[in-house]
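Please look through the sequence and the structure shown here before reading on. The report that follows takes up a few residues in turn and describes their surroundings.

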Amino acid sequence: MAPAFRLSLKAKVSDNMSHLMVDFAQERRMLQALKFLPVPSAPEIDLAESLVADNCVTLVWRMPEEDSKIDHYVLEYRRTNFEGPPRLKEDQPWMVVEGIRQTEYTLTGLKFDMKYMNFRVKACNKAVAGEFSEPVTLETPAFMFRLDASTSHQNLRVDELSVEWDAMGGKVQDIKAREKDGKGRTASPVNSPARGTPSPKRTSSGRGGRDRFTAESYTVLGDTLIDGGEHYWEVHYEPDSKAFGVGVAYRSLGRFEQLGKTAASWCLHINNWLQVSFTAKHANKAKVLDAPVPDCLGVHCDFHQGLLSFYNARTKQLLHTFKAKFTQPLLPAFTVWCGSFQVTTGLQVPSSVRCLQKRGSATSSSNTSLT
């Protein structure tokens, strides 16, 4: 307003020339005609209508009283491992979503690497933003694990959620072991450890300190036990892999035992070496699967129901279901030879998978001969 006042204000002299006066009647009328927008009230989040499903969160809120001047809403959220009211000294920063025009919003494609999420919303008009709503905390149940490098075969290079076959891995380890014992010091530069790939990094063992898998058991386990509930994860493997397997196993699986060849493990196995095959394996029995081989597999484990199901992760087509009575906690298990794969965790059981199970998918012909 300052430029307008400088242009329009006019000085007047009083009749007796005793003082100067300023006439701002025009500006007074302009100011009195202005209508200021009120500060919006804080929204109220409706927990009953909000939903957490399929790695998405739909948040619904309402205004305590109708306000036609609201232009948009701002949503903030952050991950946490604490239920109840948000904590002031939280390590995770608030993530911001601006410009929301409706009184609900869906966050999609989330990875739930923590157990809960905090949410808060504020309303904004053309002039000002109101206060945030009372924060709420929603549970985000999902199965999180990492690959346990201390269990892996020496030919597997493990990096938390990815594995790559390394043909020189075992040889490099043998050379290092001999050098540690004072042997092999005259090894030629061609066989020097400096020319090989570093050994897999070590994490806490999920096998109670047992040695890693060896011989032709090119296997690695997850680091989190499954002893109840429902869990889901996905695995993308390189199509050029000569052999690949995914499933679950007891922690007692022997270090020489191959996935699916004993009663301690269940898996789907893909073989691209010499002859292509796609089979379900358990207790050294195999069932050939009559389905296209997907490049991404979904694994659903219902521990109490004794169901282990495999899906095409992209189409959610059921590939096979094992029915078993699990007598020990399970660990996610993987095997790969001359290839690589990546695991996606922090996923909820998809709604389509739950629906298939409720419709009695266990009666499918793919599940009748191998248990």
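## Residues and their surroundings

In this predicted model, Phe-341 touches Leu-147, Leu-161, Ser-162, Val-163, Val-220, Val-235, His-236, Tyr-237, Phe-244, Phe-334 and Val-336, when residues up to four places away in sequence are not counted. Phe-341 also belongs to the largest nonpolar core, which has 48 residues, and together with Trp-233 and Phe-334 it touches the most other members of that core. A second core, separate from this one, has 20 residues, among them Ile-70, Leu-110, Val-121 and Ala-123. As a general background, nonpolar side chains in soluble globular proteins tend to be buried together.

One of the residues touched by Phe-341 is Tyr-237, which is placed in strand E15, covering residues 230–237. Tyr-237 counts as buried because its relative accessibility is 5%, and the cut-off for buried is under 20%. Leaving out residues up to four places away in sequence, Tyr-237 touches Phe-244, Ile-270, Val-293, Pro-294, Asp-295, Ser-340 and Phe-341. Although Tyr-237 and Ser-340 are 103 residues apart in sequence, their C-alpha atoms are 5.9 Å apart in space.

Asn-55 sits in the loop between strand E4 (51–53) and strand E5 (56–62), and with a relative accessible area of 8% it is buried. Its contacts, again without residues up to four places away in sequence, are Leu-107, Thr-108, Gly-109, Leu-110, Lys-111, Phe-112, Gly-346, Leu-347 and Gln-348. Leu-110, one of these contacts, is also a member of the second core.

For both Asn-55 and Tyr-237, a polar atom of the side chain lies a short listed distance from a backbone atom, as the table shows.

| Side chain | Backbone atom | Distance |
|---|---|---|
| Asn-55, polar atom | Gln-348, nitrogen | 2.8 Å |
| Tyr-237, polar atom | Pro-294, oxygen | 3.2 Å |

Which sign does phi have in Asn-55, a residue other than glycine? Phi of Asn-55 is positive, near 60 degrees, and Glu-160, which is not a glycine either, has a positive phi of about 60 degrees. Most residues other than glycine have a negative phi. Glu-160 lies in the loop between strand E12 (156–159) and strand E13 (162–165), where it is partly exposed, with a relative accessible area of 40%.

At the surface, Leu-31, Leu-34 and Phe-36 make a nonpolar patch of about 350 Å². Leu-31 is placed in helix H2, residues 25–33, and is partly exposed, because its relative accessible area is 41% and partly exposed covers values between 20% and 50%.

Methods:
Residues numbered from 1 in each chain as written. Predicted model: local features only at pLDDT ≥ 70, side-chain atom pairs only at ≥ 80, totals over all residues. Heavy atoms only, no water. Core = buried A, V, L, I, M, F, W, Y, C linked by side-chain atoms within 4.5 Å. Buried < 20%, exposed > 50% of the residue type's maximum accessible area, 1.4 Å probe, protein only. Contact = heavy atoms within 4.5 Å. Patch = residues over 30% accessible without salt bridge, like charges linked within 9 Å, V, L, I, M, F, W, Y side chains within 5 Å. Areas by Shrake-Rupley, 256 points an atom, 1.4 Å probe, with all protein chains shown as cover. Salt bridge = Lys/Arg side-chain N within 4 Å of Asp/Glu carboxyl O. Helix = DSSP H or I, 4+ residues; strand = E, 2+ residues; numbered from the N terminus. Polar contact = N/O pair within 3.5 Å; in protein donor to acceptor, adjacent residues only side chain to side chain.
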